[in-house]
Amino acid sequence: RPLVVAIDGPAASGKSSTAKWVARELGLRHVDSGSLYRAATAAALRTEPESARWTEASVLAAAAPIHLVPGETTFHPHLGDEDLEFVIRGKDVTSHVSQVAQMPAVRAWVNRQVQATAEGHPIVVDGRDMGTAVFPQARVKVFLIADPWERARRRLVQRLQRAPEEAEIAAEVDALTQRDAKDEAQTQQASDAVLIDTTYLTQEEQVERIVALARA
Ligand code: C5P
């Protein structure tokens, strides 16, 4: 089995930050598949700001110049020469990305790029369907879940760099729950994935568990 560590789970379940840390511990490269869906969305928004007009073909055409470039800790999506890593975390992209992620041709495009990063290089990859659609043979498969309130709180701490208020958390729970609903069809827990509920775990504990699975 290829040394692929596949980490899947819903929005803000801590996949990417955990995956980066696991990759560092194991000396592997990290790939964030969501960054490609986000980059395709950013490219589509630039080409046609009116998302109602997007078609699978127009999104694919806009995304064609995107490629993953290896950085120090993770791959960054570039559009031609431009590093999109900052742009893709914006609100506009986040609110449109699920629409793009439902397009089968876009999913095939993302899957090919992600699989290419694993050729000859062991990777830690995170997303929604890495352990099912993309790397069914992955050596380690993990599915991360956490209570929505805790996911929202962590996301806000990261974004605001302070303790969020209850009303802020409640609004973020709504946003996350809506995105989960839109992503439901794309999110698949592999039958052989290890389910980890991180609600009461520190990030270090999550990382230790996954590293232990990879070393077993
Ligand atoms: O993980 P992240 O929240 O950055 O992913 C952004 C979006 O990309 C998700 O909301 C989902 O629509 C899509 N996605 C997906 N399949 C993946 C990874 C991400 O559909 N494997």
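This is a short tutorial dialogue on reading a sheet, a residue and a helix in a predicted model.

User: Let's start with the sheet. In what order do the strands of the open sheet stand, and how do they pair?

Analyst: Look for strands lying side by side, then follow them across. Here three strands form an open sheet in the order β3-β4-β5, with antiparallel pairing. Strands β3 (66-70) and β5 (82-83) are at the edges with a single partner strand each, so one side of each has no neighbour in the sheet. Between β3 and β4 (residues 75-79), the antiparallel pairing runs over five bridges.

User: Which helix lies across β3 and β4?

Analyst: That is α5 (residues 104-117), which runs at about 25° to β3.

User: Can we zoom in on one residue? Is H78 buried or exposed?

Analyst: To decide, compare the relative accessibility with the cut-off: under 20% is buried. H78 has 15%, so H78 counts as buried. This residue lies in strand β4, and H67 stands opposite H78. Among the residues H78 touches are P65, V69, D83 and L84. I66 is twelve residues away from H78 in sequence, with a C-alpha to C-alpha distance of 5.4 Å.

User: Now a helix. Which residues of α7 are buried?

Analyst: An α-helix has 3.6 residues a turn, so residues three or four places apart point the same way. In α7, the buried residues are E150, R151, A152 and L156, and their cover includes α8 (166-182).

User: What do we find at the start of α7 and just after it?

Analyst: At the start, a side-chain oxygen of D147 comes within 3.1 Å of the backbone nitrogen of W149. Just after α7, Q161 has a positive phi of about 60°.

Note on methods:
Residues are numbered from 1 along each chain as its sequence is written. This is a predicted model: local features need pLDDT of at least 70, side-chain atom pairs count only at pLDDT 80 or more; totals for chains, interfaces and linings use all residues. Side-chain values use heavy atoms; hydrogens and water are left out. Two strands pair if DSSP finds at least two bridges between them. Helices (H or I, at least four residues) and strands (E, at least two) are DSSP runs, numbered from the N terminus. Contact means heavy atoms within 4.5 Å. Axes are lines fitted to C-alpha atoms, for helices over the stretch in contact, and angles run from 0 to 180 degrees between N-to-C directions. Buried means under 20% relative accessible area, exposed over 50%, partly exposed in between (1.4 Å probe, protein chains only). A polar contact is a pair of N or O atoms within 3.5 Å; within protein, one must be able to donate a hydrogen and the other to accept it, and residues adjacent in sequence count only if both atoms are side-chain atoms.
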